[in-house]
Structures are given as structure tokens and as C-alpha cells.
Amino acid sequence: MKSTVTRQEMSSPSAIGGDPSKGDRLQRRIVILGSTGSIGVNALGVIERLGDGCQIVGLSAYGNIPRLLEQVKRYQPEVIAVWQEAAAKEIRAKGISVRGKPLLVLSGLPGLIELAQWPSANFVLSAVVGAIGLKPLMKALRAGKTVALANKEALVMAGELVMAEAKRWKATLLPVDSEHSAIFQCLQGAQGKEVKRLILTASGGPFYRYKGDLSKVTVAQALAHPTWKMGKKITIDSATLMNKGIETIEAAILYGLPISQVEILIHPQSIVHSLVDFVDGAMLAQLSWPDMCLPIQYALTYPARQPGRLPSLDLAKAKSLEFYEPDFRRFPCLTLAREAARKGGSWPTVLNAADEVAVHAFLEGKIRFTDIAKIVEKTLSKHKDAGRMSLESILDTDEWARRAAKELME
């Protein structure tokens, strides 16, 4: 990886942020991949409040068909995609019309890929969960779309390929994660050589101050996040702190820094979303109440800012802001993620795949909470790096890691 973030990398049409001059007038024709999840629902609310400058062109859902149909009725997209062909047939049978034309219903991964590069859209919000988001993301970038990325796994699996694809096709990539959006906002106008380090904050999840036996915590306890309302997978990752490890990998990829220059602080209040430490001793941070609507809106309106529903932060009411060093021993997923990032190559792909399998098993009650890290560690120990990777080899590695993790659990 490169050791600095250059001005060109931060603001050229071929990298994160794109060309700011193109965003002066808000005219977004939007596809949302994963519209029924937490990010998708929040995004639709933001889009509705922004008004005439935004139009929904396409939506997709994995399994929540009733919510998707409610969204179709409200937002009138011209095309949707669902995972199961059987569900697509049922929707087609309803004969739904949008603005006098039949609603087009796609299905499966091919449908998601087609939706990601839909010709009449110029903005794609990738909010699907897991490795399934990688191919649609690559196709959206290849089509030259502006992509707001909330899908962590795609960057972790194939960060170098994703950034190269954005550069090759002059596509714009905008971060939606609250931490990476915070860094992106703090870096506006900065030169890469001025950046000393990035500091990601983590709430610590439900267990950072927990004194009990982590091997005995329940799914319900792990899903009880103290500050954020998120989907189940990311909430469990927040509880193990794997989420912050994955975000560390993302930050290194997005901003071209070695993992040694990306640090983590536990910040239980979730008000300081990330910080940038500059070489002259200055430090910039982005602060706001914990609400995903702000980073979503910033991606939609970038480079401008528009009024939103989030109230201004009242520091007097916020009172104390606490920061702690992370406990790597108690939360081994942090160490596993940083080591995978240090090794590079296919290691982050294996980390991500094993974590997805283990988290799913925990949610189904098949393994203990502390087994998540053990499954990931053992899967990594079985892996042999393939060196520089293509998209096909990344997907093969992902499939191997999932099989290996499942075999370990059996």
C-alpha cells in the first residue's frame, strides 16, 4: 500500500470523493442496493427530505418483500431486484405499474448486478450486507456511477481492485460509514503529506465494560447495542469489535495509508466519529449525535451541505467525552483484523468470509459468542496466501474460507 494520501487520490475523478465541481447542483437519480435494511431505510428518509434534487430509480431487497412493496408504492422506482426468482414471479403477477409503465422486476445476483449499472441512474448506494455486494459494486464503478459505499465487505475482500476500478473508469466513491465519512470530511482541503495518522472511534459495543463471562452471553445481549441501531450482522461485529477491525482495513484502503497509521480509540458516547492527526500537531474531528442520516446525507449532497433533520450537537448536554485504549486481549478480533491487514493479499478476504459464517452461526445459536474469534483465527491458520489476486481468485478464496469455517464448526 502507498504510505500517504495524495491530493489527487482524495479529490480527483478517479478516486474517493471524485470531482467536487460536479456536485454543485444536486441531481441524483438513485439506485439503492439493500433498500429494506437499516441503511436503505434511513437513506430513503433522507432522500425524501432532500426533495426534488433526488429521484429513486431502483430498489433491491433480499427477503423483506412486504417492506420492498411498500417502498415501491411510496417512491415509484422503475425497477427493483429481489434475491429469489420465486418472489420475483409473485411480484410480477401483481401487475404493478409505475408512472404508467409496468414495474420491471429482476432477481438473483444477475439482477442485482444489472440494477447496479442501470442506465438511467447516476448514483448507487451500496447497502447490501456481505460479500454479495462485491460484483455489483465493481459493475457500478465500471459504469462510471457515483457510488456511496456502506458495504464494508467489498473493500475488505478486494480493496485494491475496487480502488483501481474506480480510477480506471473515473467513477466517484463516497464513504457512508460514519467513521469513514468523518475522516473524509476532516480531510477536505488537506494534502496527503500533512496526514500523520487516522483515529477511528468505537463505541465498544455492549460488552466493553461487561465484567461477566463473554462465553456465556446470549444473542439478545449481543444485539443490544448501547448507541447505534443497526442490522444484526454489523451489531454482532460491533460486539466482538470485528467491525472496528474491518473498518481499520477499509480506512487503510480508502486513504492509502499503512495499517500502522490507522488507530482505534474506544469512545462510549459515539459523538466523536473519527479524527485526523496532522503532522503539525493539529487534530481535526467530526462530531455529531450518533445517527446514520448525517453521513448518508453528506454522501448524497457532496460537496455541498444541506439542512437535515439532525439537531446541532450541544456539548453542554453531551457533558463528558471519554476515550480509552482498546483491550486487544479481551477482543481478539481486533488483532486478527489488523494482522490480516498487515499481511495484505488474500488474508482480509479470508478474515471477512470466516467472520460472516461464524456470526451467522452465533445468531442461529450454534456456537458461543467467544467462538466467533476462534473460528476466524483457525480459518486464517489454514490459509495460504495466493499473492496478487484477480476478482475470480478473490471469489474462490472467499468460497474456500466459508467452507473451511463451516468444517471447523462441524
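This report walks through the strands, helices, loops and surface of the structure shown above.

The model is predicted, so a word on ground rules helps: local features need pLDDT of at least 70, side-chain atom pairs count only at pLDDT 80 or more, and totals for chains, interfaces and linings use all residues. Residues are numbered from 1 along each chain as its sequence is written, and side-chain values use heavy atoms, with hydrogens and water left out.

## The parallel sheet

Let us start with the open sheet, where seven strands run in the order E6-E3-E2-E1-E7-E8-E9 with parallel pairing. Strands here are DSSP runs of E with at least two residues, helices are runs of H or I with at least four residues, and both are numbered from the N terminus. Two strands pair if DSSP finds at least two bridges between them.

Which strands stand at the edges? They are E6 (104-107) and E9 (172-175); each has a single partner strand, so one side of each is left without a neighbour in the sheet. From one strand to the next, the twist averages 20 degrees, with axes fitted as lines to C-alpha atoms and angles running from 0 to 180 degrees between N-to-C directions.

Within this sheet, strand E2 (residues 54-61) pairs with strand E3 (residues 79-82) in the parallel sense over four bridges. One bridge to E3 links Ser-60 with its partner Ala-81.

## An enclosed helix

Next comes helix H12 (293-301). Eight of its nine residues are buried, so H12 is largely enclosed by the rest of the structure. Buried means under 20% relative accessible area, exposed means over 50%, and partly exposed lies in between (1.4 Å probe, protein chains only).

The buried residues of H12 are Cys-293, Pro-295, Ile-296, Gln-297, Tyr-298, Ala-299, Leu-300 and Thr-301. Their cover includes several strands of the parallel sheet, among them E1 (28-33), E7 (123-126), E8 (146-149) and E9. Helices H2 (38-50) and H8 (178-186) are also included in that cover.

After H12, in the loop leading to helix H13 (315-318), sits Pro-303. A cis peptide bond joins Tyr-302 to Pro-303, with omega of about 10 degrees.

## The hairpin and its surroundings

Strand E12 (residues 272-278) and strand E13 pair in the antiparallel sense over five bridges. Ser-274 has Gln-286 of E13 as a bridge partner. Four residues lie between the strands of this hairpin, where Gly-281 takes a positive phi near 95 degrees.

Ser-288 belongs to the loop between E13 and H12. Leaving aside neighbours within four places in sequence, Ser-288 is in contact (heavy atoms within 4.5 Å) with Ser-270, Ile-271, His-273, Leu-294, Leu-310 and Leu-313.

One of those contacts, Ser-270, lies in the loop between E11 and E12. Its phi is near 55 degrees, a positive value in a residue other than glycine.

Leu-287, in strand E13 (residues 283-287), helps make a nonpolar surface patch of about 310 Å² together with Leu-315, Leu-321 and Phe-323. Such patches are made of residues with over 30% relative accessible area and no salt bridge, with nonpolar side chains (Val, Leu, Ile, Met, Phe, Trp, Tyr) joined within 5 Å and like charges within 9 Å. A salt bridge is a side-chain nitrogen of Lys or Arg within 4 Å of a carboxyl oxygen of Asp or Glu, and accessible areas come from the Shrake-Rupley method with a 1.4 Å probe, where for residues only the protein chains shown count as cover.

## Helix H10 and the loops around H11

Ile-236 is part of helix H10 (residues 232-240). What does Ile-236 touch, not counting residues up to four places away in sequence? The list is Ala-222, Leu-223, Val-359, Phe-362, Leu-363 and Ile-372. Ile-236 and Ala-150 are 86 residues apart in sequence and 17 Å apart in space, C-alpha to C-alpha.

Leu-241 is placed in the loop between H10 and H11. Though not a glycine, Leu-241 has a positive phi of about 70 degrees. In the loop between helix H11 (242-255) and strand E11 (262-266) we find Gly-256.

## Accessibility at a glance

| Residue | Relative accessibility | Class |
|---|---|---|
| Ile-236 | 0% | buried |
| Leu-241 | 3% | buried |
| Gly-256 | 9% | buried |
| Ser-270 | 5% | buried |
| Leu-287 | 35% | partly exposed |
| Ser-288 | 6% | buried |
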